[in-house]
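Please take a moment with the sequence and the structure shown here before reading on. The paragraphs that follow lead through the fold and some of its charged residues.

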Amino acid sequence: MRLLDHVSITVRDLARVRPFYDAIMAVLGAAPAYARDDAIGYGQRNRDGDDDHTYVSVFASAAATADPRRHWCFRATSADAVRAFHAAGLASGGRNAGAPGPRPDYHVGYVAAFLEDPEGNRIEAVWHRGAS
């Protein structure tokens, strides 16, 4: 079951966060889907008869606020990709919110890293098949 088709993240300053999202999405394998003055998108949109994709939009919004209880978690293709996500995010203006590594409290194979984007939105990458 694929629960999410697409999600939207809001930010006040799109130009400020774009390098961060460009970097982490590239590491996660989500190609740029579109770029406008008020939004950027990554991944691939679904089409009629083809529902095996997902994408994320990052929208500029004057009302955007970060909330420590809200976060977006993206699937990584390996534990190495989780580590690369974290490094790319830090190098592109993000802040550490949880170093890459196993999270056995979730389950034995859960490997994740947590970042805050430059505006404080919490972003996670996860791999469910162990640290090796």
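A residue is called exposed when its relative accessible area is over 50%, buried when that area is under 20%, and partly exposed in between. The model discussed here is a predicted one, and by this definition Asp-80, with a relative accessible area of 51%, is exposed. Asp-80 forms a salt bridge with Arg-83, their closest N and O atoms being 2.3 Å apart, and Arg-83, at 36% relative accessibility, counts as partly exposed. Both residues belong to helix H2, where they are 3 residues apart, about one turn of the helix.

From that pair the eye can move to the sheet beside the helix. Helix H2, residues 79-91, lies across E6, E7 and E8 and runs at about 15 degrees to E7, while helix H1, residues 14-28, lies across E5, E7 and E8 and runs at about 10 degrees to E8. The sheet itself is open, with 4 strands in the order E5-E8-E7-E6 and mixed pairing. Strand E5 (71-75) and strand E6 (95-102) stand at its edges with a single partner strand each, so one side of each is left without a neighbour in the sheet. From one strand to the next, the twist averages 15 degrees.

Strands of a sheet pair through backbone hydrogen bonds, in either a parallel or an antiparallel sense. At one edge, E5 and E8 pair in the parallel sense over 5 bridges, and the bridge partner of Trp-72 in E8 is Ile-123. At the other edge, E6 and E7 run antiparallel and are joined by 5 bridges, with Pro-102 standing opposite Val-111 in E7. Side chains alternate between the two faces of the sheet in a regular strand. Along E5, this alternation places Trp-72 and Phe-74 on one face, where they are buried, while His-71, Cys-73 and Arg-75 point to the other and are not buried.

Another pair of strands forms a hairpin: E2 and E3, with 3 residues between them. Strand E2 (residues 32-35) and strand E3 (residues 39-43) run antiparallel and are joined by 3 bridges, and Pro-32 has Tyr-42 in E3 as its bridge partner.

Side chains of opposite charge can pair when their charged atoms come close. A search of the whole structure finds 6 salt bridges, and one of them, between the side chains of Arg-12 and Glu-119, has an N to O distance of 3.8 Å. Arg-12 lies in the loop between strand E1 (6-11) and H1, and Glu-119 in the loop between E7 and E8, so the pair ties together parts that are 107 residues apart in sequence. Arg-12 counts as partly exposed at 46% relative accessibility, whereas Glu-119 counts as buried at 8%. Arg-47 and Asp-50 also form a salt bridge, with their closest N and O atoms 3.2 Å apart; Arg-47 counts as exposed at 52% relative accessibility, and Asp-50 as partly exposed at 26%.

Which side chain of opposite charge is nearest to Asp-117, a buried residue that has no salt bridge? That side chain is Arg-95, 5.7 Å away. Asp-117 has its place in the loop between strand E7 (111-116) and strand E8 (122-127), and a polar atom of its side chain lies 2.7 Å from the backbone nitrogen of Glu-119. Leaving aside neighbours within four places in sequence, Asp-117 is in contact with Val-11, Phe-20, Tyr-21 and Arg-95.

Note on methods: Residues are numbered from 1 along each chain as its sequence is written. This is a predicted model: local features need pLDDT of at least 70, side-chain atom pairs count only at pLDDT 80 or more; totals for chains, interfaces and linings use all residues. Side-chain values use heavy atoms; hydrogens and water are left out. Helices (H or I, at least four residues) and strands (E, at least two) are DSSP runs, numbered from the N terminus. Buried means under 20% relative accessible area, exposed over 50%, partly exposed in between (1.4 Å probe, protein chains only). Lys and Arg count as positive and Asp and Glu as negative; His and the chain ends are not counted. A salt bridge is a side-chain nitrogen of Lys or Arg within 4 Å of a carboxyl oxygen of Asp or Glu. A polar contact is a pair of N or O atoms within 3.5 Å; within protein, one must be able to donate a hydrogen and the other to accept it, and residues adjacent in sequence count only if both atoms are side-chain atoms. Contact means heavy atoms within 4.5 Å. Two strands pair if DSSP finds at least two bridges between them. Axes are lines fitted to C-alpha atoms, for helices over the stretch in contact, and angles run from 0 to 180 degrees between N-to-C directions.
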